[in-house]
Amino acid sequence: MKFIISLFLILLLSDSVFSQDKYESGMKINLAKMDECKNSNDYLKVSNSFERIAIAEKDKWLPYYYSALNCVLASYIDSSKTTKDIYLNKADKYINAADSLAPENSEIYTLKGMIAQARMQIDPMNRWQKYGTEATNNFTKAIQADTLNPRPEYLIGVGLFYTPQQFGGGPTAAKPVLEKSLMKYNQPAPENDLMPHWGKEQVEYYLKQIDGEK
Amino acid sequence: MFMKNIFAVLLIFAISSAVLGQTKISGRITGEDKQPLPGANIYIKDSYDGVSSEVDGNFSFTTDEQGEAVLIVSFVGYLTYSQNITLDSKPKHLDIVLKEDAKELGTIVISAGSFEASDENKAVILRPLDVLTTGSDGDIYSTLETLPGTQQIGETEGLFVRGGSASETKTLIDEMTVQNPFYSSVPDIPSRGRFSPMLFKGTIFSTGGYSAKYGQALSSVLVLKTQDLPPKTQSAINIMPLGLGGSHTQLWENSSVSFEGGYYNLGPYFKVQPQRTDWDKAPESFEGSANFRYKTSQTGMLKAFTSFSTGSLSLYFPNLDSLPQKDFYHQKSNNFFVNTNYRNILWDDWTLFAGYSVGIDNIDNKINTDLANRDDIFHTGKLTVTKNILSNAFLTFGGEVQNLDHTSSFNALKGNFNETYLAGYLEADVFFTNDFAGRIGVRTENSKLLDKTNFAPRLSFAYRLGAYDQLNFAYGKFYQTPDPDFLLYSKNFEFENADHYILNYQYIGTDRTFRIEAYYKNYANLAKGTVFTYPYFDLPAIPFGSSGKGYAKGIDVFWRDQATFAHTDYWISYSYLDTKRDYKNYPTLASPPFSTPHTFSVVAKRWVQSITTLFGLTYTFATGRPYFNPNNPKFLGDRGKNYQNLSLNASHLLSVFGNFTVLFISIDNVLGFENLYGYNYSTDGTIRAPILPTALRTYFFGLFISLGETNPY
């Protein structure tokens, strides 16, 4: 009897422990899949996987955040302007869902800025006024919400790198911003490895480009 | 022994439920048109189990969940699908059809007879930036003259649309009519538009068949929408050969104020660039404007704009009746304009617009010793309400009042009239299906002066043929009170009337647009009569009345391509027009001087990143237009030369002391075509003088400096 009761209890307990593992392993599996994506369809599949986790968990902002991030990465790769906008529309939906679960969140503001930046790149001549301002506002809020977040400065730096010099951009303008970002990446990493930690490689790549040009 | 059995049973139970617990679900996701939908998200509600559909729409996954569950399929642009499913380890095959979500895909736009330039609507042909970068002088009207449906009339200002005269096109700013959108008129010399294109975030240029919200324009309306809050606080300086201007915009969290001023004097420019016109004192003007915007709430916006300008000029005209004498012509003009409006969305689905505008114009002309003055005071108020009714329709209704006090004097003779015009309108926009939409409306107008009322039905339909193309149709009755010149003499007129029938096919792809439109306009009750002006010719004097009539028919073609050539954007327009009318002092039906059968334009722009410069080219060709020759027994039987013009421009972006700057250079009529618009004749018809452009070539440059932050970030 005792054995059967304890067996039952073990089975019951393992169910609740398992669901916490289920979330973590689900997230980790899909984070690993992100590195293997080769085309926009792959990114969309990973985005959908994160969406399923988000809908099942109901109160977690992180899976919505990654759904949005994968849509943005899909938009970078895809060549058609209309499709880019469609992916960014999806990204908007997901990041707004994340925002409603975790307002005033630095990573969410960063991603909102990234989406605005991507929209601007689709048609810079016509869109820089509207989306350029939106991007700056979001990056500023991101830094205010968490001064140790390196990603806003990484994105600002990359934006400046590609902006013509006449508009106040170019490699010289980008360098100090990217260096600041790299300094923040080199700070000790947070414990939770589900939180966003991307971007360091890209910052190092751009700083190399800038130094190489000199 | 017993324990072992129970344990074994439990173990077998546990294992079998693990193995038997999986259900395989597979199938295909398509839209209603049987096309596969790749990347749809298929999953079991409240579980992680699911998968994305492949490129061919097929999907397959296994789930550990058991029992009664809900299967959900979601895909952007489509309504989310859900169904009950029993997970009993037996494989399930489901072919699921998703329905389009009309709100997501974007509603079809009703567009027969109109070109819209804005960022709000996806299916637009022009962008606000196009208005700034086309044409050689930064004037909205120059850009519109490269679109099909407009005629090239070099000797006077205004938009001449599909056989209509300039007065048949009205300019509206924020829904309200502007009485005098151009600087004061000088004979045979075109004036510019008053308002800078920078003020506007959107333009709707309708070449016919326009909404019941607008009236008093037999041919077309140009609806300009002003900017909302500016993006940031900034100042700007403009330096041009014709003068200097400056502006400052201050932005707070929910409001902004802008001031602008300028002093323009063409004197120095004419010394360097000799003109064919015999100027005594080149045009000199001083103008200023102020703009206030206040965002009252998330959806509310209050705007107030005011401008004033004062100017003078004088020149000599050859007197053909007593050469080599010249007539001396002097003009002094003042203009004051206010436009204020309020817009808001109330209680979720009521949109309210209320506006008031006033324009005051004083023009004093002196011809030798004669004085010919004109004074206009024009008030207009408008109220429009829009409400959603049902999920697929909305209703618009409202009213407007216009009051014009017009005084005209010639030496001691003085004429005046005061007209009050009232109009009410009711219009329904219905989206019958995702692919078929209609706009049905009626406008009723009353003129106090004419003591007449009219009813003007308006219909428009749009039918979507595919993802990018659409068929459009429009029909409408359009009324207009006769010109002020006529109203000074008589009130016995009907409303002038034009019936429009328009059919078009348009394709708006990602980077290419094609449009072909056919139209027929029937004119009736056009004002007739002889208004005596110098010089007098032997034309029969016609009593005042509304017996005029006419027709205009034609085909307009438009092609725009932003993809074929790298970094290059070009458009081509062609118009064919066949029109005749009998109005004003015409003795018979004739093709009017502001019409010609063939007009062709090419506009091309190319951005060169390495030197951050935008190069532009505009080429226009038009067949010769009719002109009046008193010696020809056939009225308006002579035709002028074919018109050709090639203009080039370049906008270079640079940084001056860290400030974002645009250097703009343009040359009009680069190839020096000798264009001739027509002739002026002496009273006896023996002597004539050609009407030519004011200079063979026109050179223009401008430096626009934006002070403050240069970085879009």
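This is a short tour of a predicted model, stop by stop, with what to select and what you'll find there.

Before you click: residues count from 1 along each chain as its sequence is written, and chains are lettered from A in the order in which they are written. Local features here need pLDDT of at least 70, side-chain atom pairs count only at pLDDT 80 or more, totals for chains, interfaces and linings use all residues, and side-chain values use heavy atoms, with hydrogens and water left out.

**Stop 1: where chain A meets chain B**

Show both chains and pick out the residues in contact (heavy atoms within 4.5 Å). You should get 41 residues from chain A and 39 residues from chain B. The area buried between the two chains is about 3500 Å², and carbon and sulfur atoms give 61% of it. Buried area here is the accessible area (1.4 Å probe) that two parts lose on being put together, summed over both.

Now look for charged pairs. A salt bridge is a side-chain nitrogen of Lys or Arg within 4 Å of a carboxyl oxygen of Asp or Glu, and the rule finds two of them across this interface. Select B:D46 and A:K58 for one of them: their closest N and O atoms are 2.7 Å apart.

Next, color chain A by helix; helices (H or I, at least four residues) and strands (E, at least two) are DSSP runs, numbered from the N terminus. Several helices of chain A supply at least two residues each to the side touching chain B, including helix 1 (2-36), helix 4 (81-101) and helix 7 (151-162). Which helix of chain A gives the most to that side? Helix 2 of chain A does, with ten residues.

**Stop 2: a run of strands in chain B**

Move to chain B and select residues 393-410, which are strand 21, together with residues 413-433, which are strand 22. The two run antiparallel and are joined by 18 bridges; strands pair if DSSP finds at least two bridges between them. To see one bridge, click B:G399 and then its partner in strand 22, B:G424. Strands 21 and 22 of chain B form a hairpin with two residues between them, and B:N411 in the turn has a positive phi of about 50 degrees.

Keep going to strand 23 of chain B, residues 436-447, which runs antiparallel to strand 22 and is joined to it by twelve bridges. Here B:L422 has B:N446 as its bridge partner. Strands 22 and 23 of chain B also form a hairpin, with two residues between them.

**Stop 3: salt bridges within chain B**

Over all chains the count comes to 37 salt bridges. Try B:K281 and B:E284, whose side chains meet at 3.2 Å, N to O. Buried or exposed? Buried means under 20% relative accessible area, exposed over 50%, and partly exposed in between (1.4 Å probe, protein chains only). B:K281 counts as partly exposed because its relative accessibility is 33%, and B:E284 is partly exposed too, at 26%.

Then select B:K584 and B:D483, with closest N and O atoms 3.4 Å apart. This pair links distant parts of the chain, 101 residues apart: B:K584 sits in the loop between strand 29 (568-582) and strand 30 (598-608), and B:D483 in the loop between strand 25 (469-480) and helix 6 (484-487).

Last, select B:R515 and B:E517, a salt bridge at 3.4 Å, N to O. Both residues are buried. Add B:R162 and B:D556 to the selection, and you have one network of four residues joined by salt bridges that share partners.
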